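Student: I have a structure open and would like to learn how to read it. Where do I start?

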There are 2 protein chains.
Amino acid sequence: MVQSSYRKVKEEVMRMRRLSLKPKLLDVMAGGLVVVLNSAYAHQNDIYTGYRVIVRYKKRQIIAMVDLSNDLAKPGEIGLFYEVHKALGASTHGTVELELTSRPQSIEYIKAKMEGKTLEAGQIRTIINDTMDNRLAEGELAAFMTSCYIRGMNEDEVVGLTESIVATGETLKVGKSPILDKHCIGGVAGNRTTMVMVPIVAAAGCFIPKTSSRAITSAAGTADAMETLCDVSMPIHEMEKQVRSIGGCVVWGGAINLAAADDKLIKIRTPLSLAPKGVLLSSILAKKKSVGAQYCVIDIPVGRGVKLNDMAEARALAKDFISIGKRLGITIEALITNGEDPIGNGIGPALECRDALACLEGNGPRDLRDKSCQLSGTLLELSGKAKKGTGYSIAASLLDNGKALAKFKQIVEWQGGEVKKLNSHSVPIGSYHHRITATRSGRVSHLDNKLLARVARACGAPADKGAGVYLHMEKGDLIKAGDPLMDLYAESEGKLDMALRVFEKMEAVEMEKVVLDSLRE
Amino acid sequence: MVQSSYRKVKEEVMRMRRLSLKPKLLDVMAGGLVVVLNSAYAHQNDIYTGYRVIVRYKKRQIIAMVDLSNDLAKPGEIGLFYEVHKALGASTHGTVELELTSRPQSIEYIKAKMEGKTLEAGQIRTIINDTMDNRLAEGELAAFMTSCYIRGMNEDEVVGLTESIVATGETLKVGKSPILDKHCIGGVAGNRTTMVMVPIVAAAGCFIPKTSSRAITSAAGTADAMETLCDVSMPIHEMEKQVRSIGGCVVWGGAINLAAADDKLIKIRTPLSLAPKGVLLSSILAKKKSVGAQYCVIDIPVGRGVKLNDMAEARALAKDFISIGKRLGITIEALITNGEDPIGNGIGPALECRDALACLEGNGPRDLRDKSCQLSGTLLELSGKAKKGTGYSIAASLLDNGKALAKFKQIVEWQGGEVKKLNSHSVPIGSYHHRITATRSGRVSHLDNKLLARVARACGAPADKGAGVYLHMEKGDLIKAGDPLMDLYAESEGKLDMALRVFEKMEAVEMEKVVLDSLRE
């Protein structure tokens with residue numbers, strides 16, 4: 001009784017505490033929606049750092065956080081950081097109305113999750129909506145992520161989170177069937193299966209609206225590699241039209257407003273490499289759901305140096321994907337793949353693009369061709385487009401008969417690329433190169449994904465599209481001293497030197513050893 | 001083996017990646033140490049948002065976080081926010097050296113805490129040092145706090161955290177004995193026992209270097225009330241000198257660099273009201289340890305509307321204080337007190353100050369006098385200054401014989417206040433006032449701490465020192481319609497009106513009821 005009247009009064013007081021302020025534009029980004037008030041003035045008005053306020057200018061309004069300063073704003077002024085005055089379309093004329101807003105409901109739900117309670121779908125939706133409305137501070141979102149990590153999430157929660165994330169963005173409406181999709185957990189150098197799979201699947205008469213990412217720590221993402229040939233940023237209705245017309249596309253997910261909340265969640269997860277399993281599942285499946293996927297294959301690489309090291313863990317993740325996919329209406333098959341070593345020969349945007357093109361021409365690196373056919377075949381069987389046991393050979397024949405290549409050129413052309421002279425040798429690569437040869441004979445026992453990515457990045461990848469590493473051997477090869485190991489490509493001599501120094505400091509290529517260690521007194 | 005060589009290379013690459021940049025001063029506070037690089041330029045150099053960098057200018061250096069922008073910095077420029085260029089003493093001349101720094105070790109320890117592991121003292125020290133050096137982002141610290149909350153902290157961890165926090169600030173060296181201290185968990189309106197206790201304890205020949213806080217959500221903190229009489233901000237060596245000379249002081253803790261890390265931790269805890277018990281204990285005890293306290297009394301109010309509602313929880317907290325205090329060399333007695341209703345008559349800086357002065361004059365509100373004597377007596381007995389069972393009466397006699405008042409005036413004078421005409425009626429209070437009378441007869445059953453604080457704040461407290469509420473009755477009083485309930489004081493008519501509207505909206509004074517509820521079909 002007292003509590004409820006207290007809440008009523010608090011709201012009443014807040015409603016009264018509306019301030020009219022003179023805007024002062026601060027041409028600096030704050031990294032979020034932040035307004036600055038004069039410290040003394042704010043305290044007089046019972047406003048403190050971190051308070052949430054509704055900020056109105058003419059007909060627009062946003063929710064922002066308050067910061068205090070003695071210098072940046074005089075009493076009666078409001079300092080608007082770049083993001084705020086851009087969002088409001090504010091100028092120095094007129095006045096800004098500021099109103100305190102109450103503590104968002106999400107905070108109670110985040111605390112409940114901290115306490116170990118299970119959240120309902122509506123509560124998760126509130127957290128995601130408050131995230132999108134910028135009502136939650138970085139620390140509050142981090143507390144939510146940490147709680148999800150420690151407490152875990154059950155299947156209902158993951159489904160609720162996924163549906164909430166989907167609802168924050170647009171959804172693709174291709175209006176055709178079957179809609180197929182694929183996803184790879186990542187971590188393997190090279191591995192440009194998407195560029196081979198999408199044309200195979202489209203050539204087989206299916207629809208695959210593929211969104212891909214750019215490199216974060218790798219030498220190239222699919223979007224980086226595809227961009228050496230054509231545009232990868234397009235509005236959602238263009239993407240719909242393309243897939244409806246020619247069956248597939250390869251675009252950069254970052255340019256499209258699908259599953260918008262996910263970007264905000266990723267920003268929180270990154271610094272701590274904090275990926276609660278449930279959030280990871282939601283993040284991936286929300287993107288699949290947003291494009292309308294009905295069938296999806298998930299590539300889960302396992303091995304030393306990639307995200308998962310353990311078969312049991314990989315199997316558990318696969319099962320989660322499958323059962324949550326089912327709840328969302330997506331039929332999923334997960335393939336646990338060998339992630340120990342790079343796939344393909346090239347590492348870097350243009351070099352990986354050349355590998356993919358070579359596969360589409362019916363040649364290309366054996367492992368990339370094989371893996372692309374495995375994944376495509378699985379997807380075709382899953383959707384019923386191919387009979388059980390025939391998927392792989394259908395995929396392989398679409399590579400061999402040139403239909404996948406023709407489909408790929410159609411996709412590149414639709415996305416604004418030039419295809420007349422396009423082939424696996426036409427893609428420009430760095431004009432500075434250096435060959436690294438073996439210093440001793442023996443058998444190659446391991447190629448390290450992370451170290452090779454590091455060398456390719458030192459060459460200039462992914463920003464320099466032609467930069468990277470081209471491998472001349474793979475794990476298991478028996479080589480002689482003097483045999484070529486790899487070529488480094490760069491777009492400047494300085495970067496090539498740098499990459500060479502990086503290479504020399506480490507053991508990216510491991511040779512089989514007889515004596516593993518020696519000890520004496 | 002590969003892992004270690006990988007790490008080595010990464011460090012090597014980082015060491016190579018030193019950039020010389022042209023400083024651009026951004027006269028805006030970022031709320032932390034943040035530098036801005038041009039997006040394209042940063043990506044070329046393999047630097048991304050949130051990377052930690054060492055920033056050097058001439059002989060100074062700091063650790064900052066990278067933010068990227070297309071507009072705020074051109075390639076080769078570095079935008080320095082206010083906090084950064086102030087810390088570096090940078091001008092637009094010369095160059096700024098930037099070097100990538102590796103992921104701080106703390107992150108591994110934070111993750112370990114997330115996983116449920118117990119941290120060693122050295123690991124906690126690293127987290128606190130990285131916090132002080134600004135190496136951790138808000139989200140990372142929030143993840144640490146959340147993990148401490150969910151996983152809990154054992155006694156070793158709390159002791160380690162407390163000692164780490166103490167080490168981040170200065171420590172007081174009074175060079176006398178015994179050093180006494182007190183702390184209240186808070187939440188009770190009025191309750192200005194500190195201003196009565198400090199002079200009692202000092203008059204008894206002990207030393208009490210008291211730091212107090214300002215109001216956050218209440219109508220006045222001790223520092224706010226004391227400030228109506230004298231200065232409360234002083235450098236640490238002045239505080240040492242004062243306590244050594246006259247036995248006591250009452251200063252604002254926020255102005256002194258004691259337990260510096262605690263301010264940063266509080267900033268993280270505040271938005272979520274996230275107070276992991278272990279962190280709360282550390283935060284309080286670090287301040288006691290920093291002033292060199294040997295004996296300390298902790299006031300733990302319990303009841304509806306204060307932080308603790310439950311005797312069992314209060315007892316558990318008391319036991320934690322005692323045993324962790326012991327490990328830190330502080331002998332603690334915890335008193336669980338009745339926190340249901342306000343203590344004293346005044347609510348607001350000057351009105352509370354008047355209550356304290358009245359007690360020191362040998363009069364004053366019965367409950368405030370009683371509680372102050374209880375707390376002081378406990379402290380005198382604890383330190384051995386008073387024999388068991390005599391503390392209360394010694395405290396009371398120091399109030400009655402004027403010695404505590406004389407000591408208080410000495411303290412006020414030392415802190416720059418005027419004492420010649422000082423008495424409980426001389427402290428100026430708001431010139432606008434309004435009397436609220438009872439609308440019906442009956443017994444007062446409850447006075448609500450939070451609601452009364454809200455009314456006092458609407459009057460203008462704590463910024464307007466003379467504003468607040470003066471209570472004419474207390475819980476249990478039998479009153480008649482028309483009897484005075486309370487007076488509201490404000491420094492402007494507008495605020496008085498506002499406070500009255502706030503009062504009318506709620507039930508700050510509850511009267512005993514016979515019928516608690518009625519129900520029918």
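The dialogue below takes up confidence, helix packing, sheets and backbone geometry.

Student: What should I check before looking at any feature?

Tutor: Check what kind of model it is. This one is predicted. Its scores are ipTM 0.76 and pTM 0.80.

Student: What is the mean pLDDT of chain A?

Tutor: The mean is 89, and 95% of the residues of chain A reach 70 or more. Residues 1-16 of chain A are another matter: pLDDT stays under 50 there. For that stretch the model has 20 contacts beyond four places in sequence.

Student: How do I describe two helices that pack together?

Tutor: Two packed helices are described by the angle between their axes and the distance between the axes. Take chain B, where helix α7 (residues 155-167) packs with helix α12 (residues 277-290) at an angle of about 45°. The axes of these two helices are 8 Å apart.

Student: What word describes how α7(B) and α12(B) lie to each other?

Tutor: At that angle, α7(B) and α12(B) are therefore oblique to each other. Their crossing is right-handed.

Student: Which residues in α7(B) and α12(B) meet?

Tutor: On the α7(B) side they include B:L161 and B:I165. On the α12(B) side, B:L281 and B:L285 are among them. By type, the residues of this contact between α7(B) and α12(B) divide into eight nonpolar, four polar and two charged.

Student: Where can I practise on chain A?

Tutor: Look at helix α8 (residues 193-203) and helix α14 (residues 349-360) of chain A, whose axes come within 8 Å and cross at roughly 35°. The crossing of α8(A) and α14(A) is right-handed. From α8(A), the contact is made by A:M195, A:V196 and A:P199; from α14(A), by A:A356, A:C359 and A:L360. The residues of the contact of α8(A) with α14(A) divide into six nonpolar, no polar and no charged.

Student: How do I read a sheet?

Tutor: Give the order of the strands, then the sense of pairing, then the edges. In chain A, four strands form an open sheet in the order β12-β15-β17-β13, with antiparallel pairing. The edge strands of this sheet are β12 (346-347) and β13 (432-437) of chain A, and each pairs on one side only.

Student: Over how many bridges do β13(A) and β17 of chain A pair?

Tutor: β13(A) and strand β17 (residues 484-490) of chain A pair over six bridges, in the antiparallel sense. To find one bridge, start at A:Y432, whose partner in β17(A) is A:A490. Helix α19 (residues 493-504) of chain A packs on the sheet and touches β13 and β17 of chain A. The direction of α19 makes about 145° with that of β17(A).

Student: And in chain B?

Tutor: Try the open sheet of three strands there, in the order β16-β14-β18, again with antiparallel pairing. Its edge strands are β16 (478-479) and β18 (509-511) of chain B. Strand β14 (residues 442-447) of chain B pairs with β16(B) over two bridges, and B:G442 stands opposite B:I479 in β16(B).

Student: What should I look for in the backbone?

Tutor: Look for exceptions. Most residues other than glycine have a negative phi, and most peptide bonds are trans. A:K58 is not a glycine, yet has a positive phi of about 50°. A:K58 is placed in the loop between β3 (52-57) and β4 (60-69) of chain A.

Student: Which residues does a cis peptide bond join in chain B?

Tutor: It joins B:S177 and B:P178, with omega about -5°. B:P178 lies in the loop between α7 and β7 (180-184) of chain B. In chain A, the peptide bond from A:S177 to A:P178 is cis, with omega near -5°.

Notes
Residues are numbered from 1 along each chain as its sequence is written. Chains are lettered from A and ligands numbered from 1 in the order in which they are written. This is a predicted model: local features need pLDDT of at least 70, side-chain atom pairs count only at pLDDT 80 or more; totals for chains, interfaces and linings use all residues. Axes are lines fitted to C-alpha atoms, for helices over the stretch in contact, and angles run from 0 to 180 degrees between N-to-C directions. Angles under 35 degrees count as roughly parallel, over 145 as roughly antiparallel, 65 to 115 as roughly perpendicular and the rest as oblique. A crossing is left-handed if the near helix is turned anticlockwise from the far one by less than a right angle, and right-handed if clockwise. Two residues are in contact if their C-beta atoms, placed from the backbone, lie within 7 Å. Ala, Val, Leu, Ile, Met, Phe, Trp, Tyr, Cys and Pro count as nonpolar, Asp, Glu, Lys and Arg as charged, and the others, Gly among them, as polar. Two strands pair if DSSP finds at least two bridges between them. pLDDT is the predictor's confidence in each residue, from 0 to 100.
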